[in-house]
Amino acid sequence: MKLDILAVGVHPDDIELGCSGTIMKHIAMGCKVGIIDLTRGELGTRGTAETRNDEAQEAAKIMGVSIRENLAFRDGFFSNDEIHQLKLIRAIRKYRPDIILTNAPKDRHPDHGRASQLTLDACFLSGLIKIKTQLNSELQTAWRPKNIYHYIQAQYLEPDFVVDISDFIEKKMEAVLAYKT
C-alpha cells in the first residue's frame with residue numbers, strides 16, 4: 001500500500017502525543033497516512049505491551065490512519081544497527097511514503113534520539129538499490145522518502161516549523177486519551 005505520510009514512533013503513544021493533529025489534518029486533506037511503532041512500550045511504567053497494543057489500535061481508529069504496524073524492537077535496548085535498519089527499510093519500501101515523520105533527534109528519553117537517527121539512516125539506505133530486502137517472497141525495490149520531519153514532544157526544544165491543528169485538537173486529545181493505562 002502506497003502512503004503519502006508514514007509516522008515512525010518509538011513507543012505506542014509517541015505519535016499521538018507528538019504529531020497526531022498533523023496526521024489527522026493531512027488525512028482530512030485526502031492523504032493516506034500510516035504509523036510504525038518501533039517498540040511495544042514494554043518498559044513503560046503503566047500498562048503492559050498487550051494493553052498498549054489495544055490502546056494503540058483504538059487510537060489508530062480515532063485518527064483514521066490507513067495502517068498501524070509494530071516492529072517489536074526491544075524497548076530501551078534496540079540499536080541503530082544493520083538488523084534494525086533492515087526491518088525499518090522493509091517497512092519504508094513496503095509503504096513507499098513521500099514523507100516520514102519521526103522523533104526529534106534530541107530529547108530527554110534516550111530511545112527517542114536513537115530512533116530519530118535510526119529512521120534517518122533507514123530512509124537513506126532504503127533508496128540504495130544494492131541493499132536487498134524481501135517482503136514475503138518478493139524482492140523489494142529501492143525507495144527513498146522525499147522529506148523527513150521531526151516531531152517534538154519535549155517542551156524545551158524549538159520547532160523548525162509549526163502546523164496549525166486548531167481544528168483537530170479535540171480529536172488529538174481523544175486519541176491521546178485512548179491510552180488509559
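This is a short selection tour of a predicted model, moving from strands to single residues to salt bridges.

**Stop 1: strand β1**

Select residues 5–9, which form strand β1. The strand is mostly covered, with 5 of its 5 residues buried. Look at one face, then the other. Ile5, Ala7 and Gly9 sit on one side, Leu6 and Val8 on the other, and all are buried. In a regular strand, side chains alternate between the two faces of the sheet.

Now add residues 33–39, strand β2. β1 and β2 are parallel partners, joined over 5 bridges. To see them line up, pick leucine 6 and glycine 34; the two stand opposite each other. Next, trace the chain between these strands. It leaves β1, passes through helix α1 (residues 14–28) and arrives at β2. This β-α-β crossover is right-handed.

Add residues 99–103, strand β4. β1 and β4 also run parallel, with 4 bridges joining them. Pick isoleucine 5 and find its bridge partner in β4, isoleucine 99.

**Stop 2: aspartate 37**

Stay in β2 and select aspartate 37. Is this residue buried or exposed? Aspartate 37 has 2% relative accessibility, so it counts as buried. Show its contacts, leaving aside neighbours within four places in sequence. They include Gly9, Val10, His11, Pro12 and Ile15. Also among them are Ala56 and the run Arg68, Glu69, Asn70, Leu71 and Ala72.

**Stop 3: arginine 68 and glutamate 16**

From that contact list, select arginine 68. Which residue does arginine 68 form a salt bridge with? The partner is glutamate 16, and the closest N and O atoms are 2.5 Å apart. Arginine 68 belongs to strand β3 (residues 67–73) and glutamate 16 to helix α1, so the pair ties together parts 52 residues apart in sequence. Both arginine 68 and glutamate 16 are buried.

**Stop 4: more salt bridges**

The whole structure holds 10 salt bridges. Go to arginine 40 and glutamate 50, whose side chains meet at 3.8 Å, N to O. Arginine 40 is in the loop between β2 and α2 (49–63), while glutamate 50 is in helix α2, 10 residues apart. Arginine 40, at 32% relative accessibility, is partly exposed. Glutamate 50, at 49%, is also partly exposed.

Then select helix α4, residues 110–125. Arginine 114 and aspartate 111 form a salt bridge here, 2.4 Å from N to O. The two are 3 residues apart in the helix, so about one helical turn separates them. Arginine 114 is partly exposed at 25% relative accessibility, whereas aspartate 111 is buried at 2%. Finish this stop with Lys2, Asp98 and Lys146, which salt bridges with shared partners join into one network.

**Stop 5: glutamine 85**

Select glutamine 85 in helix α3, residues 82–95. Its relative accessible area is 15%, so glutamine 85 is buried. Beyond its neighbours within four places in sequence, glutamine 85 is in contact with Asn80, Leu118, Asp121, Ala122 and Leu125.

**Stop 6: phenylalanine 168**

Last, select phenylalanine 168, in the loop between β7 (147–151) and α5 (169–176). Which residues does phenylalanine 168 contact, leaving aside neighbours within four places in sequence? They are Gly21, Met24, Lys25 and Ala28. Then pick asparagine 53 and draw a C-alpha to C-alpha distance: asparagine 53 and phenylalanine 168 are 23 Å apart in space and 115 residues apart in sequence.

Technical notes: Residues numbered from 1 in each chain as written. Predicted model: local features only at pLDDT ≥ 70, side-chain atom pairs only at ≥ 80, totals over all residues. Heavy atoms only, no water. Buried < 20%, exposed > 50% of the residue type's maximum accessible area, 1.4 Å probe, protein only. Contact = heavy atoms within 4.5 Å. Pairing = 2+ DSSP bridges. Right-handed = clockwise from strand over helix to strand, strands pointing away. Salt bridge = Lys/Arg side-chain N within 4 Å of Asp/Glu carboxyl O.
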